[in-house]
Amino acid sequence: MPARRLPSWAWVTGLTAAALVMVAVLAVKAGDGPQPTASASKKTSSPSASPKPSAKPDESEPVAVPDGSGTGRRIVYSLGQKRVWLVDASDAPRRTFKVWQGTVSPDPGTYTVGTRREAATGSDGVEIENIVYFAVASGVNVAFSNALDGSSPPPPASGATTGGVRMKAADGAAVWKFGTAGTTVAVVK
């Protein structure tokens, strides 16, 4: 009697489950979260000259989705908190994380995910992936993305404008999966 083979759907399901477990493990290991760049908003609760904070505020307590960010399934991007939430159709936050802001940010308001690119070179010369475009500000495309090497963006060259909202790789993968074309992006202060 010949050996029985597993159907292809069983392999795909198993590989998908393994990939999701790896993403979860990497997210837990990710640590402190992105650090703001020098051009980031000046609204902070405490001054910090150190490039790496000593505590992990992202993990100490849940961060609520900002009021006035709309309802339903959406991506919420807070300029002041330098944070993104992925919110499901029942208004429950499914994921939240800190981000690095570019030198150009969109005005608060509601936007829609348009173009998406798997990979490219950012305007800062860094290889990026999971690029989800959602706005244009001052003639610069604004998009969520993550660096392929996992690094934070370097400070932009003098006078350079960047519209990338960078995040850790696991967070970039989550935004890529969640932020399909037509997804609402609510930008709040």
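Across the whole structure, which is a predicted model, a search finds 4 aromatic pairs. A pair of aromatic rings is described by the distance of the centres and the angle of the planes, and both values are given below for two of these pairs.

A good place to begin is the pair formed by tyrosine 77 and phenylalanine 134, whose ring centres lie 6.4 Å apart with 85 degrees between the planes, an edge-to-face arrangement. Tyrosine 77 belongs to strand β1 (residues 74-78) and phenylalanine 134 to strand β6 (residues 127-137), so this pair ties together parts that are 57 residues apart in sequence. Tyrosine 77 has a relative accessibility of 1% and therefore counts as buried. Phenylalanine 134 is likewise buried, at a relative accessible area of 6%.

Phenylalanine 134 also pairs with phenylalanine 144. Here the ring centres are 4.5 Å apart and the planes meet at 20 degrees; because planes under 30 degrees apart count as stacked, this pair is stacked. Phenylalanine 144 sits in strand β7 (residues 140-147), while its partner phenylalanine 134 is in strand β6, and the pair links parts of the chain that are 10 residues apart. Both phenylalanine 134 and phenylalanine 144 are buried. Taken together with Tyr111, the residues Tyr77, Phe134 and Phe144 make up one aromatic cluster.

Aromatic rings also meet charged side chains in this model, and two such contacts are worth a look. Arginine 73 places its charged end over the ring of phenylalanine 178, at 3.9 Å from the ring centre. In the other contact, the charged end of arginine 116 sits over the ring of tryptophan 176, with 3.7 Å to the centre of that ring.

It helps to set these details against the overall fold. The protein contains 3 helices and 9 strands. Read from the N terminus, its elements follow the order α-α-β-β-β-β-β-β-β-β-α-β. Of the contacts between residues at least 6 apart in sequence, 53% join residues at least 24 apart. The pair of tyrosine 77 and phenylalanine 134, with its 57 residues of separation, connects strands β1 and β6.

Turning to the surface, the 189 residues of the protein include 36% that are buried, and among the buried residues are phenylalanine 134 and phenylalanine 144. The protein exposes about 11,100 Å², and carbon and sulfur atoms supply 58% of that area.

Technical notes
Residues are numbered from 1 along each chain as its sequence is written. This is a predicted model: local features need pLDDT of at least 70, side-chain atom pairs count only at pLDDT 80 or more; totals for chains, interfaces and linings use all residues. Side-chain values use heavy atoms; hydrogens and water are left out. Rings of Phe, Tyr and Trp (its six-membered ring) pair if their centres lie within 6.5 Å; planes under 30 degrees apart count as stacked, over 60 as edge-to-face and the rest as tilted. Helices (H or I, at least four residues) and strands (E, at least two) are DSSP runs, numbered from the N terminus. Buried means under 20% relative accessible area, exposed over 50%, partly exposed in between (1.4 Å probe, protein chains only). A charge sits over a ring if NZ of Lys or CZ of Arg is within 6 Å of the ring centre and within 35 degrees of the ring normal. Contact means heavy atoms within 4.5 Å. Accessible areas come from the Shrake-Rupley method with a 1.4 Å probe; for residues, only the protein chains shown count as cover.
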